[in-house]
Amino acid sequence: MRLAPRNAVFTAVDTTDIRAARSLGSILGPVTGGIKLGKEFFTAHGPQGVLNVAGAETPLFLDLKFHDIPNTVAGGVRAAAKILTPNMLTIHASGGPAMIRAAADASAEFGSSRPLILAVTVLTSMDDDDLASVGVNSTAETQVLRLAELAQKNGADGVICSPREIAAIRNICGPDFNLVVPGIRPAGADHGDQKRVKTPSEAMADGASYLVIGRPITGADDPAHAISTILGSLAA
Ligand SMILES: O=c1ccn([C@@H]2O[C@H](COP(=O)(O)O)[C@@H](O)[C@H]2O)c(=O)[nH]1
């Protein structure tokens, strides 16, 4: 299914400032697919903070990137699904088949209100040299494809990948697998620590399901204008 551009964008609200997070959530939540809260916000404010920022009407992508033994990850998924009812929840695919399966099975216990389980492949801040430095002697693309297949085989609903791998994953995993894509930078924007990037329109044209965009929106003087420019580029 092809989403309207606004529904395909999740804004990464990475801050410890709860007032700023609430303000961004109220400005961006209604005009985009929803908001993503991750480790920075969660570590500072915990589940109650998440509930304060993501109202019931704002779709929530909870990006906690669980990576532990299967039993512990399953418990984390259950706790998050019960207390925070996120639409999407992340684990690391490199936790292996049993861990991915445990997360998928735990999510399935929540029936139609279960969160999508998305497996992080290779962080978008890493390139081939970074992978070699941690003992992975494959290109980022080869490693992403390996982990995407593993995630799909073990029940994940989709993966987190960079925009550079979207087309190759679509070929292998098919049209229904969710490809949720950070590493998005409008033309001319600062890449910061992101190494495998493309523009929003390139990523959507390649077949992304959702885009995750943080600093190009939240770091702008006028976040509402920044998101409207991005959505305009997608509509065009
Ligand atoms: O491989 C990954 C996995 C997750 N992220 C998260 O996405 C956003 C991107 O924020 P920007 O400010 O647009 O760079 C951030 O919350 C990361 O934790 C990722 O970038 N790459």
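**Thr85 and its surroundings in the loop between H4 and E4.** Thr85 counts as partly exposed because 16 C-beta neighbours lie inside 10 Å, given that a residue is called buried if 20 or more other C-beta atoms lie within 10 Å of its own, exposed if 12 or fewer, and partly exposed in between, with C-beta atoms placed from the backbone. The view is taken from a predicted model, in which local features need pLDDT of at least 70 and side-chain atom pairs count only at pLDDT 80 or more, whereas totals for chains, interfaces and linings use all residues. Residues are numbered from 1 along each chain as its sequence is written. Thr85 follows just after H4, and it has a positive phi of about 40° although it is not a glycine. Helices (H or I, at least four residues) and strands (E, at least two) are DSSP runs, numbered from the N terminus.

**Helix H4 and its buried side.** H4 has 15 residues, and the 21 Å from its first C-alpha to its last is close to the 21 Å expected at 1.5 Å a residue, where the expected span is 1.5 Å times one less than the number of residues. Val73, Ala74, Val77, Ala80 and Ala81 of H4 are buried. These residues cover an arc of only 130° around the axis, which puts them on the same side of H4; the arc is that of the directions from the helix axis to the C-beta atoms. On the other side of H4, by contrast, Asn71, Ala79 and Lys82 are exposed. The cover over the buried residues of H4 includes E3, E4 and H5, and it is judged by contacts, two residues being in contact if their C-beta atoms, placed from the backbone, lie within 7 Å.

**Helix H5 and the elements that cover it.** For the 12 residues of H5 (residues 97-108), a rise of 1.5 Å a residue predicts a span of 16 Å, and the end C-alpha atoms are indeed 16 Å apart, which agrees. Met99, Ile100, Ala102, Ala103, Ala104, Ala106 and Ser107 are buried in this helix. Among the elements covering these buried residues are strands E3 (60-66), E4 (88-92) and E5 (116-120), together with helices H4 (70-84) and H7 (140-153).

**Gly155 in the loop between H7 and strand E6 (158-160).** Once residues up to four places away in sequence are set aside, Gly155 touches Ile100, Arg101 and Ala104, of which Ile100 and Ala104 are buried residues of H5. Gly155 itself is partly exposed, since 17 other C-beta atoms lie within 10 Å. Its C-alpha lies 18 Å from that of Ala80, a residue 75 positions away in sequence.

**Lys65 in strand E3.** UniProt, in an unreviewed entry, places the feature "active site" at Lys65; UniProt positions are given in the numbering used here, feature names are shortened, and annotations may be inferred rather than shown by experiment. With 17 other C-beta atoms within 10 Å, Lys65 is partly exposed, and although it is not a glycine, it has a positive phi of about 45°. Apart from neighbours within four places in sequence, Lys65 is in contact with Thr90, Ile91, His92 and Val120.

**The shell of 16 residues around the ligand.** Ala12, Thr124, Pro182, Gly214 and Arg215 come nearest to the ligand, where a residue is near a molecule or strand if its C-beta atom, placed from the backbone, lies within 6 Å of it. The shell divides into 7 nonpolar, 6 polar and 3 charged residues, with Ala, Val, Leu, Ile, Met, Phe, Trp, Tyr, Cys and Pro counted as nonpolar, Asp, Glu, Lys and Arg as charged, and the others, Gly among them, as polar.

**Gly183 in the loop between strand E7 (178-181) and helix H9 (200-206).** Gly183 is buried, with 23 other C-beta atoms within 10 Å. Neighbours within four places in sequence left aside, Gly183 is in contact with Thr124, Ser162, Pro163, Gln194, Arg196 and Val197. Gly183 and Ser125 are 58 residues apart along the chain, while their C-alpha atoms are separated by 7.8 Å.

**Arg170 in helix H8 (residues 166-173).** Arg170 is partly exposed, with 17 other C-beta atoms within 10 Å. It touches Pro175 and Gly207 when residues up to four places away in sequence are not counted.
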